[in-house]
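Okay, thanks for coming, everyone. Let me put the model up, and then I'll talk you through the ligand site, the core and one helix.

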Amino acid sequence: MAFFETPPMSPLSPVESTIMKHWETNDEHGEIRRSDKENGGEDEMEPVFLDRLPDTNHLIVGRCDKYAVGKKIAQGRFGAVYEVLRHCDGKGFAVKLEVCDSHSHGLDMDCVVLSKAAKADLPNFAHMIDRGKIENHFKFIVMHLMGQNLCHLRYLFVGDRFSLSTALRLSLKCLEAIQQLHQLGFIHRDIKASNFCLAPGCSSKDLRVYLVDFGLCRSYRDEKGQFKTPRTKVSFKGTTRYASLAAHNEKEQSLKDDIESWFYMTIEFITGFLPCRGSVMARVISLKYTPKAEFKRLLKYIDCLSYQSHPDYVYLTQMLQLSMKNHGCKPDDELDWENNNG
Ligand SMILES: Nc1ncnc2c1ncn2[C@@H]1O[C@H](COP(=O)(O)OP(=O)(O)OP(=O)(O)O)[C@@H](O)[C@H]1O
Ligand SMILES: [Mg+2]
């Protein structure tokens with residue numbers, strides 16, 4: 001295939017023979033069963049799929065421009081994320097690609113959600129600047145380049161955890177992003193630390209996170225704007241470590257399930273581990289190392305939510321802010337990665 005015949009050492013030479021078919025999708029309801037990958041590590045990819053990934057310095061052609069492929073940032077079962085350089089100005093971006101014939105529709109959903117988020121001008125979502133398809137290889141979207149994901153970031157610190165101040169502030173920012181997705185009409189169904197990235201160069205005065213990976217998203221409203229009627233049985237979707245009790249029981253997920261996963265993720269930010277695997281007892285044990293009073297109230301509140309509940313994001317925010325106040329955490333404390341001592 002011409003695309004892969006690009007000489008590796010001449011990344012910016014034009015590839016006139018690249019066959020491009022513009023990639024169109026209207027699929028808003030694609031569903032995939034997700035693997036058990038929990039720590040933000042790499043998923044095994046079928047060797048036949050691996051052959052379809054681009055090498056460094058290959059050029060890929062989108063609708064608007066060409067991109068030279070750089071460092072691989074992450075790899076999943078059906079695709080990967082790379083740094084790329086835009087041909088016209090050498091500016092850095094990220095490309096997320098999904099191998100053709102993988103029978104995954106994750107990238108279609110990424111595209112749908114990011115397009116709607118851009119129309120609604122939501123601040124906690126990457127801007128998609130281009131997309132395309134390399135016939136017989138992969139389809140891709142090009143986005144603004146973001147910083148580290150919060151899973152990788154957590155592992156940089158002693159005990160694989162953030163300080164309480166950093167953890168609570170990150171959690172508040174993640175909640176804002178989840179609320180925006182909910183207002184857009186989607187539930188995420190795979191809320192976890194590796195699906196939040198830091199905004200590049202953000203500081204304690206301007207802490208920002210981006211929500212990524214919309215492959216398991218589902219729109220939760222029907223044509224009348226009401227909650228869709230829950231299906232009686234659905235196959236498990238998400239990541240077991242963070243999944244809600246309802247998701248483990250193969251029930252239809254809703255807004256509250258994203259909030260439950262957000263709560264588990266927050267516990268993990270603080271404690272560095274998470275024994276929550278769909279058991280009520282494990283959840284109680286994990287609370288032992290968190291700000292007890294506020295976290296017990298949070299869990300009690302989340303457990304009272306039902307399929308049709310609209311979570312009270314203000315209450316959730318206030319509870320974390322109370323937790324900060326009661327434990328001497330200030331909004332302008334140094335973030336863990338800003339602290340030179342460690
Ligand atoms: N625009 C971006 N800029 C920088 N890094 C990104 C960007 N988008 C994604 N990433 C990184 O790539 C990783 C994988 O992306 P994403 O979660 O969207 O892919 P996935 O393969 O669908 O998901 P999973 O890894 O959960 O299977 C993220 O955890 C994040 O670290
Ligand atoms: Mg992901």
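So, a cut-off before anything else: a residue counts as near a molecule if its C-beta atom, placed from the backbone, lies within 6 Å of it. This is a predicted model, where local features need pLDDT of at least 70, side-chain atom pairs count only at pLDDT 80 or more, and totals for chains, interfaces and linings use all residues. Residues are numbered from 1 along each chain as its sequence is written, and chains are lettered from A and ligands numbered from 1 in the order in which they are written.

Right, which residues are closest to ligand 1? Ala74, Gly76, Ala94, Asn149 and Asp213, out of 22 that surround it. The elements giving two or more residues to that shell are β2 (66-75), β3 (79-86) and β4 (92-99). Strands here are DSSP E runs of at least two residues, helices are H or I runs of at least four, and both are numbered from the N terminus. Why does ligand 1 lie between domain 1 (50-143) and domain 2 (150-338)? Because both of them give residues to its shell. Those domain bounds come from an automatic or database assignment, by the way.

On to the core. Buried means 20 or more other C-beta atoms within 10 Å of a residue's own, exposed means 12 or fewer, and partly exposed is in between, with C-beta atoms placed from the backbone. A nonpolar core is then a set of buried Ala, Val, Leu, Ile, Met, Phe, Trp, Tyr and Cys residues joined through C-beta atoms within 7 Å. The largest one has 77 residues, and Tyr67, Val95, Phe196 and Tyr210 touch the most other members. Helix α6 (residues 255-271) supplies the largest share, nine residues, and each of domain 1 and domain 2 puts in at least three.

Contact means C-beta atoms, placed from the backbone, within 7 Å. Leaving aside neighbours within four places in sequence, Tyr210 has contacts that include Asn124, Phe125, Met146 and Phe196.

Last stop, helix α2 (residues 106-119). Ten of its 14 residues are buried, so α2 is largely enclosed by the rest of the structure. Among the buried ones are Leu107, Met109, Val113 and Ala117. They pack against β3, β4, β5 (128-134), β6 (138-144), α4 (164-184) and β7 (186-187). Just after α2, Asp121 takes a positive phi of about 55°.

For the whole protein, we've got nine helices and ten strands, with 40% of the 342 residues buried.

Definitions and conventions. Contact = placed C-beta atoms within 7 Å.
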